[in-house]
Amino acid sequence: MAAAAGLDRFQLCRAFRAEHGIPPYTYVLRMRVARAYAWLAAGRPVSEVASALGFCDQSQLHGHFRRAFGIMPGAFARVARRGHAPLAVVER
């Protein structure tokens, strides 16, 4: 991304943070966790979601998901299967 923008990686990070208020890695991580939410709500298994989204294991997804939504991914998936997926995002 930095090369395409004509910046070095540090300039890109500073510019991204100035524009979006968060560093690029945090942005990407939030997008991955949001996609995990959607996939779990659609009924995909936690192990498959963690692997497909590039988390090294389920526990890494567990930590990020719980921080973002205040519920463990497995518990969320069980609730979502019953049609009661919580929609609130908890920023911590």
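This is a short tour of a predicted model, going from its nonpolar core to a patch on its surface.

Begin by selecting A36, L40, V49, F55, L61, F65 and F76, which are the residues with the most contacts inside the largest nonpolar core, a set of 16 residues. With these shown as sticks, colour the helices α3, α4 (46-52), α5 (58-69) and α6 (73-81), since each of them supplies at least two residues of this core. Helix α3, which spans residues 24-41, gives the most to the core, with five residues. As a general point, nonpolar side chains in soluble globular proteins tend to be buried together.

Next, centre the view on V49, one of the core residues just selected. If neighbours within four places in sequence are set aside, V49 is in contact with A36, W39, L40, R44 and L61, and of these partners A36, L40 and L61 are also among the core residues with the most contacts.

Then move to H64, which is found in helix α5. Is H64 buried or exposed? Its relative accessible area is 17%, and because the cut-off for a buried residue is under 20%, H64 counts as buried. Leaving out residues up to four places away in sequence, H64 touches L29, V33 and F55.

Finally, turn to the surface and select Y27, V28 and M31, which form a nonpolar patch there, with about 260 Å² of accessible area together. Within this patch, Y27 lies in helix α3, the helix that also gives the most residues to the core, and Y27 is partly exposed, with a relative accessible area of 35%.

Definitions and conventions. Residues numbered from 1 in each chain as written. Predicted model: local features only at pLDDT ≥ 70, side-chain atom pairs only at ≥ 80, totals over all residues. Heavy atoms only, no water. Patch = residues over 30% accessible without salt bridge, like charges linked within 9 Å, V, L, I, M, F, W, Y side chains within 5 Å. Areas by Shrake-Rupley, 256 points an atom, 1.4 Å probe, with all protein chains shown as cover. Salt bridge = Lys/Arg side-chain N within 4 Å of Asp/Glu carboxyl O. Helix = DSSP H or I, 4+ residues; strand = E, 2+ residues; numbered from the N terminus. Buried < 20%, exposed > 50% of the residue type's maximum accessible area, 1.4 Å probe, protein only. Core = buried A, V, L, I, M, F, W, Y, C linked by side-chain atoms within 4.5 Å. Contact = heavy atoms within 4.5 Å.
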